[in-house]
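Please work through the exercises below with the sequence and the model open beside you. Each task sentence is followed by a solution that proceeds step by step.

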Protein chains: 2
Amino acid sequence: MKIALAQLNYLIADFEGNRQKIITSIHKAKEQGAELVVFSELSVTGYYPHDLLEKKEFILKAIDTVREIAAQCTGISALVGAPAINDGERGKKLFNAAYFLRDGEICDIFCKTLLPTYDIFDEYRHFEPNRHFHLLETDTHRIAVTICEDLWDELPVHSEFGKDKLCQASPLGELMIMNPGMIINLAASPFSSDQENWRKEVLAAKAKMTGLPLIYVNQVGADAEMIYDGGSLFFSPSGEIISELAYFTEDFRVVDTGEIYIQAVQPPLSKTEKMRKALVLGIRDYFRKSGFSGAVLGLSGGIDSALVAVLAVEALGAANVRGLLMPSAYSSQHSIDDAVLLAQNLGIAYHSVPIQDTVESFSGALAPLFGNLPADVTEENIQARTRGLLLMAFSNKFGHIVLNTSNKSESAVGYGTLYGDMVGGLAVLGDVYKTEVYQLADLVNREKEIIPRNTILKAPSAELRPGQKDSDSLPEYNLLDKILFHYIELNKSPEEIASLGIDPAQVRKVIAMVNRNEYKRAQTAPILRITSKSFGSGRRMPLVGRY
Amino acid sequence: MKIALAQLNYLIADFEGNRQKIITSIHKAKEQGAELVVFSELSVTGYYPHDLLEKKEFILKAIDTVREIAAQCTGISALVGAPAINDGERGKKLFNAAYFLRDGEICDIFCKTLLPTYDIFDEYRHFEPNRHFHLLETDTHRIAVTICEDLWDELPVHSEFGKDKLCQASPLGELMIMNPGMIINLAASPFSSDQENWRKEVLAAKAKMTGLPLIYVNQVGADAEMIYDGGSLFFSPSGEIISELAYFTEDFRVVDTGEIYIQAVQPPLSKTEKMRKALVLGIRDYFRKSGFSGAVLGLSGGIDSALVAVLAVEALGAANVRGLLMPSAYSSQHSIDDAVLLAQNLGIAYHSVPIQDTVESFSGALAPLFGNLPADVTEENIQARTRGLLLMAFSNKFGHIVLNTSNKSESAVGYGTLYGDMVGGLAVLGDVYKTEVYQLADLVNREKEIIPRNTILKAPSAELRPGQKDSDSLPEYNLLDKILFHYIELNKSPEEIASLGIDPAQVRKVIAMVNRNEYKRAQTAPILRITSKSFGSGRRMPLVGRY
């Protein structure tokens, strides 16, 4: 059977635009002789529309759009993703569904059984799980249609307490009883740096276990926080990858499920290369989908802002990226020189706005209140906030979006000023540990020195007081990131982390900093998510509590 | 049967503190001759601990704490709320449970069946629903133990699309088959201005339908966003309220389920009085539970900041509240006079920090970049952000938390400056529409003029340019709030709202403003929730999308 895999980049709630894309792919698939074209999960609405799903008009428009797409399905069939209304007596109002379209009509509907409700996923908030199983029956084939998580029922869910668990249902197990000849999965599987390998293992195991060919169509593209990497797949019944679509870009391919020799796979990328591509896509789509083209960021001469500038140029083009240098009395000349050199290497425009006068103006205004109180973090924050204000003023005046340059290590321990260096429309490195920032910088410089060598080699400093270094108040970053990874990604206890051979006092200090700074992260810019546990919607902590 | 209702204010994750409170109430109940003392849902951890539930050490500590509490239960039994480990083969790792403690031990566990996963609730993220039902059997009584939502299965869930729906299960229906003599409900039911009446209706109907006495024990207290109002209840088998505990404060009472004449009910409060009490509790608990005592806020002479100052003084005492006046070139003398008069009426300290010099310093620094470009929103935002920076500097220097004074109407349409007047640790009025701000101000002034009359009477203005009035760019607030309420709380479409007799162009303009400003609200301070749909964790909208 010839099946087209249509891996597209959708804009949430853009029914008109999504419809056009889908219809174009339907016609292309027909031209190329496909009998069926498969789109990704919730393709009509874009994944994930969140509480727009609570609006009646949104649901009605989505279903109208499915009907309009169906009207284009003559001489070809399609599977598209969209919400469906639950007409049963009980449960949530909607299903997360795959619509089978043929002969100009909606011919069948398949609903998702396993609704991810953890990390960044909130599907049970909006959808009722499917409980009734059937196959898609075409003139010639019997197909098990599944939606994303439906194939992840046997995931080895390791439980930290109690027994390891299975899901409450096995959708494929139910469908296998009906003797299908093929498995199709419509997915919206977000990128994290280890997700691709994990996904391939899970899907290959399903193909092998059932002895059936398996087609997996993923969404590609990003919104403010989430990045979907594409990489749609066709597996042979023995679990081999026969065809693999591109990563981080739209792609389209017609496969023949009868031809099970390897046709096209993608060149493997290192973890750091994947992170780079993911972040570039994340920036590009945030701007394009928000209707903005220009970005502005503060260039401090440090490695974080340098890396963000590089990624922004890759995403938006040098002409669309502006740098602001905002030197203070504590800025070293080499920092200024490094920032200028970076801007020149990238070919981006930059402007210098010294902050000293304004900072002094604040000090003067506050002097009657502060009297002879000694300088402390207040004065450091005034500098950071003056810079934040200047970036926002530039943004307001010229319509550029401010890119935030805080990394995950800083964000974790609260080493940043709320409304100061934490401002921005998008936090590019908010899910990138400092040690990974260095890895990305090395990758960027592999062919040619773009990020000045001095920026990479010098000791990290916020330069908010004379001679300040990050290592004055933080553990060295290799150690810090190890503690953070085990606490944030792996939910380990202080004792467990110390048992890795780390000073328990150091561990407790770092964890206390993480816990104490939830309030700052609650007001931070949206963070591009590239790990299994990012700050943002996937990590929900109480703001008030004794922990 | 003599049963104690222990309505306490817990601190999330404070096992030591919560344990002490619970044990104190157990001893008190025993002294007063009660056979059983009932605490609220997840009382041991505090409701709701969010992703702390994903940490093994957190769960083990919670269960250890339950055991320590059990050890105190001699000569009396107790029902306390805490997570329990799911030892089954399938599903989530935890149950949301009620532990029955007697003779120094955990004797039985009852798990929650209906897990709210909508609005601010995320229970299915962490818990597996119960599927096995049994009664609590004491020597003399057979009791149906339920947890909060378990009694809300017959809620008339009106569906905007598809049929109205029932829940997938009826926990009380299952328990009634076993012939209980009483119903107990452990709850954590958040305040919203209409929730108390709704709750009483639902519970009274359950008592009446089953012909059983019903005891409902609610949590009281607030964290950053959520406010729980207490008001625990004892209903007769005919659905009458026999005993009603206090609202917005801890309370404790022993009732006798054999005595079904009305014993004590609370004086009814108006909606505005409830809102006031809820906001005061919200402020007080945020500070107390975060370990802070002092608050600072900007006093503009306008009604929003005046109302926040009043509520803060009620919550924290006048000595703990500071006002900053930050006049600009556009501030009218009457605004300054009104702000001073308010501070004097409240007896709070205030300081004046004029912003003109600093604003000019910013203009000077940016002049080489901005050249001859005309003044626009950039310059207005510089003023608002200069004020934000001054408030934060005051906060840093003196350890005061900044109270945000934006109201829900402004926040909805984006009439506020990110990192400017939107700064703060807590947004006191973020769920209070402007029309309700006026109602609260009238209530405050009912006995004595605290908020200056001029502050209430003058036309609202941000005073960011000469002669500016809110009504220049916004519809009149009565109309605006009506549109907003139907769009935000009721999820109505533009057509449905226009059908109320409102100019469709006006409706579309307002809705476009709401949609366009999701990005600002994503970075706002936590908002005290007092309606059924607040901005914050209960409303999750995509940041990028065409809507």
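The exercises start with confidence in the model, go on to the two chains and the domains, and end with single residues.

**Exercise 1. Find how confident the predictor is in chain A and in the complex.**

Step 1. The model is predicted, and chain A has an average pLDDT of 95, with 98% of the residues scoring at least 70.
Step 2. For the complex, the predictor gives an ipTM of 0.96 and a pTM of 0.96.
Step 3. Where pLDDT is low, the predicted coordinates should not be read in detail.

**Exercise 2. Determine which turn and which shift lay chain A on chain B, and name the relation.**

Step 1. A turn of 180°, with a shift of 0.0 Å along the axis, lays chain A on chain B with an RMSD of 0.0 Å.
Step 2. This is the relation of a two-fold axis.
Step 3. To place the axis, look for A:Gln523, which of the residues of chain A comes closest to the rotation axis, its C-alpha being at 2.1 Å.

**Exercise 3. Describe the contact between chain A and chain B, and say which element gives the largest share of the side of chain A.**

Step 1. Chain A contributes 86 residues to the contact, and chain B contributes 86 residues.
Step 2. On the side of chain A that touches chain B, two or more residues come from each of α2 (56–70), α3 (123–126), α6 (271–290), α9 (356–370) and α10 (377–398) of chain A.
Step 3. The largest share of this side is that of α10(A), with 13 residues.
Step 4. Sorted by kind, the residues of this side of chain A are 40 nonpolar, 23 polar and 23 charged.
Step 5. Since 100% of the interface residues of chain A are also interface residues in chain B, the copies meet through the same surface.

**Exercise 4. Locate the domains of chain A and work out how they touch.**

Step 1. The domain assignment of chain A gives domain 1 as 2–268, and domain 2 as 274–472 + 517–521.
Step 2. The centres of domain 1 and domain 2 of chain A, taken over C-alpha atoms, are separated by 39 Å.
Step 3. Eleven residues from domain 1 of chain A and ten residues from domain 2 of chain A take part in the contact.
Step 4. On the side of domain 1 that touches domain 2 in chain A, β10 (220–222) and β11 (227–229) each supply at least two residues.
Step 5. The residues on that side of domain 1 of chain A are seven nonpolar, two polar and two charged.

**Exercise 5. Identify the residues that touch the most other members of the largest nonpolar core, and list the contacts of the one in chain B.**

Step 1. The largest nonpolar core has 348 residues, of which A:Val38 and B:Val38 touch the most other members.
Step 2. Not counting residues up to four places away in sequence, B:Val38 touches B:Ile3, B:Ala4, B:Leu5, B:Ala6, B:Leu79, B:Ile184, B:Leu186, B:Ile215 and B:Val217.

**Exercise 6. Decide whether A:Ala34 is buried or exposed, and place it in chain A.**

Step 1. A:Ala34 sits in the loop between α1 (15–31) and β2 (36–38) of chain A.
Step 2. A residue counts as buried if 20 or more other C-beta atoms lie within 10 Å of its own; A:Ala34 has 25 such atoms and is therefore buried.
Step 3. With its neighbours within four places in sequence left aside, A:Ala34 is in contact with A:Lys2, A:Ile3, A:Ala4, A:Ala29, A:Ile76 and A:Val254.

**Exercise 7. Examine the backbone at A:Tyr48, A:Asn179 and A:Tyr419.**

Step 1. Most residues other than glycine have a negative phi, and most peptide bonds are trans.
Step 2. A:Tyr47 and A:Tyr48 are joined by a cis peptide bond with an omega of about 10°, and A:Tyr48 lies in the loop between β2 and α2 of chain A.
Step 3. A:Asn179, in the loop between α4 (171–176) and β8 (182–186) of chain A, has a positive phi near 65°.
Step 4. A:Tyr419, in the loop between α11 (408–413) and β19 (426–427) of chain A, has a positive phi of about 65° although it is not a glycine.
Step 5. A:Asn179 counts as exposed, because it has 9 C-beta neighbours inside 10 Å, whereas A:Tyr419 is buried, with 25 other C-beta atoms within 10 Å.

Note on methods
Residues are numbered from 1 along each chain as its sequence is written. Chains are lettered from A and ligands numbered from 1 in the order in which they are written. This is a predicted model: local features need pLDDT of at least 70, side-chain atom pairs count only at pLDDT 80 or more; totals for chains, interfaces and linings use all residues. A nonpolar core is a set of buried Ala, Val, Leu, Ile, Met, Phe, Trp, Tyr and Cys residues joined through C-beta atoms within 7 Å. A residue is buried if 20 or more other C-beta atoms lie within 10 Å of its own, exposed if 12 or fewer, and partly exposed in between; C-beta atoms are placed from the backbone. Two residues are in contact if their C-beta atoms, placed from the backbone, lie within 7 Å. Copies are superposed by least squares on the C-alpha atoms of residues with pLDDT of at least 70 in both. Domain bounds come from an automatic or database domain assignment. Helices (H or I, at least four residues) and strands (E, at least two) are DSSP runs, numbered from the N terminus. Ala, Val, Leu, Ile, Met, Phe, Trp, Tyr, Cys and Pro count as nonpolar, Asp, Glu, Lys and Arg as charged, and the others, Gly among them, as polar. pLDDT is the predictor's confidence in each residue, from 0 to 100.
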